[in-house]
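Please take the sequence and the structure below together, and follow the paragraphs with both in view.

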Amino acid sequence: MYQAPRGTSDILPQEQAYWRYLEQKTANICQLYGYERIDAPAFEDTRLFSRSVGEGTDIVEKEMYTFEDRGGNKITLRPEGTAPVCRAYVEHGMHNLAQPVKLYYLASIFRYERPQAGRFRQHHQFGYEAIGDDDPALDAEVIDMAWQFFRSLNLRHLSLNLNSIGCKTCRPEYLIALKDYYADYIDDLCADCKTRLARNPLRLLDCKKRSCQPISDSAPRSIDYLCPQCAEHFKQLQRYLGLLELPFEVNHRLVRGLDYYTRTVFEIQPETERAQSTLGGGGRYDGLIEELGGKPTPAIGFAVGIERIISNLKKYNVPVPALPRAQVFIAYVGDEVKDEAIKLASRLRQAGIGVIEAIGSKSLKAQLRQANTIGVQHTVIIGDQELKTATVILRDMTNAQQEAVPLTRLEERLR
RNA sequence: GUGAGUGUAGCCUAGUGGUUUAAGGCACCAGGUUGUGGCCCUGGAGAUCGAGGGUUCGAAUCCCUUCACUCACCCCA
């Protein structure tokens, strides 16, 4: 028997209400903040990701779905959404548009990982990018939008973590300080941290091992090493966030897993934190557009995991609107009237009324039972008698009331 | 990649001191007289007990292997 590949899943009909609802909510918030949708391809040239995300990151090193196509090109299923959008920005010369250019996407993301709660090999992200300005007010707006998005979903009890990891001038100094500091404790570090020290020192900060905690607690903080411009940027950002009354917390250990981030980084997670609970994260990436061959262009973005949002909506019993469904069932008695039922169904649909017709030869009882389980509002019943008088029986399934309705008036009665 | 747990019908579960047709609930289908749903009653269909091998007179139940799923680590949405 076949089953969906590991880490993937079918989004079944009963789940679809969540997805449609989120499509609508994302479109709404984007309209409010002036973002327009962009859909990039599901796969890209592998180098797009290895260059932007970073050769040393876990995503590039062990999580990409990479293959060679029949033409010998190295292709990768997108493991994140920002790089493709930036590629599109450069490719289509969007620097000629009014800046910042604001784009959003809702897309499948692919990462080869061991699945577990809140983590899949194929998942979906809603993300948005504001490209073309380094004003901290833009950072604040991007963060505000994320926050308001969650508010519009009635997801409360969230925390907003913020940090600044500097730019390409000040970060190297910070990394040196960090390495120097940790080098003194190398014998006390866990095995993972020893490799982090050599490969990705920023990651040292968020080691969850108890033995490493006290060391991280008093480690140098990135904000103490910011260059004057970055420091001012971060200061202004916090001022704007205060202006917007966003309850952020500066978290010195917040670092993000992709190399392109500069200055502002932030994450939103439930207050009751567990593994893989982060709902979304983002940050500034002032060097990325240039890295991808564009002019030096500052930018900032944010992305959330749709599956994680849905699991939170469920967890807190947040209701989502039901999807509209066919409201009429057509039942018929006797094979002679079947033709009539088929024509009637078609006629009602052309009038914009959703119809499910009885298929197969079932007893009227069975047809009504089906109508009941489907949950339609009305059932139209046709038999010989009705055929003769050019009427149908219209049965209201909620109260079992029924009446004879002339065929010609059916549409208006159902509307 | 590492570690732990779990695998009985579409779903949830019973059955593990080894024995003949593997039990129940939900859901599904059909009946309960003539062309009428939901409740109730009756019946039906649906499982090679994850797969392969072994021990045994006999295995869902014991042993081995394997696969899958779940959770955690790494890391992330």
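Two strands are said to pair if DSSP finds at least two bridges between them. With that criterion in hand, and bearing in mind that this is a predicted model, one can start at strand 10, to which strand 9 (residues 262–270) is joined by five bridges in an antiparallel arrangement. Within this pairing, threonine 262 stands opposite arginine 284 of strand 10. Strand 10 also pairs with strand 11 (residues 299–305), again in the antiparallel sense and over five bridges, and here glycine 280 is the residue that stands opposite valine 304 of strand 11.

How is strand 10 placed with respect to the rest of the structure? Because five of its five residues are buried, strand 10 is largely enclosed by the rest of the structure. The covering applies to both faces, since Gly280, Gly282 and Arg284 on one side are buried, as are Gly281 and Gly283 on the other.

The loop that follows, between strand 10 (280–284) and helix 10 (288–291), holds aspartate 286. The side chain of aspartate 286 makes a polar contact with the side chain of arginine 284 at 2.8 Å, and the side chain of aspartate 286 also reaches the backbone nitrogen of alanine 299 at 3.2 Å. When neighbours within four places in sequence are left aside, the residues in contact with aspartate 286 are Thr262, Arg263, Thr297, Pro298 and Ala299. One of these contacts, arginine 263, is located in strand 9 and has a positive phi of about 50° although it is not a glycine. Arginine 263 counts as buried, because its relative accessibility is 11%, where the limit for burial is under 20%.

Other backbone features lie elsewhere in the chain. Alanine 400, in the loop between strand 15 and strand 16 (401–406), likewise has a positive phi in a residue other than glycine, with a value near 65°, but alanine 400 is partly exposed, with a relative accessible area of 41%. A cis peptide bond, with omega of about 0°, joins glutamine 99 and proline 100, and proline 100 is placed in the loop between helix 4 (82–91) and strand 5 (101–110). Strand 3 (residues 65–68) and strand 4 (residues 74–77) pair in the antiparallel sense over four bridges, with glutamate 68 having lysine 74 in strand 4 as its bridge partner. These two strands form a hairpin with five residues between them, and glycine 72 in the turn has a positive phi of about 85°.

Turning to the overall division, chain A consists of domain 1 (13–170 + 226–315) and domain 2 (328–414), whose centres, taken over C-alpha atoms, are separated by 50 Å.

What surrounds RNA strand B? There are 46 such residues, and the closest are Arg111, Arg119, Arg196, Arg203 and Gly257. By class, the surface near RNA strand B has 13 nonpolar, 15 polar and 18 charged residues. Of the atoms of RNA strand B within 4 Å of the protein, 51% belong to sugar or phosphate and the rest to bases. Among the individual approaches, a base nitrogen of RNA strand B is 3.2 Å from an N or O atom in the side chain of glutamate 113, while a phosphate oxygen is 3.4 Å from an N or O atom in the side chain of glutamine 116. A polar backbone atom of methionine 397 lies 2.6 Å from a base nitrogen of RNA strand B. The elements that give two or more residues to this surface include helix 3 (58–63), strand 6 (122–131) and helix 13 (364–374), and the largest share, seven residues, comes from helix 13.

Conventions. Residues numbered from 1 in each chain as written. Chains lettered and ligands numbered in written order. Predicted model: local features only at pLDDT ≥ 70, side-chain atom pairs only at ≥ 80, totals over all residues. Heavy atoms only, no water. Near = heavy atom within 4 Å. Polar contact = N/O pair within 3.5 Å; in protein donor to acceptor, adjacent residues only side chain to side chain. Nonpolar A, V, L, I, M, F, W, Y, C, P; charged D, E, K, R; others polar. Contact = heavy atoms within 4.5 Å. Domains from an automatic or database assignment. Buried < 20%, exposed > 50% of the residue type's maximum accessible area, 1.4 Å probe, protein only.
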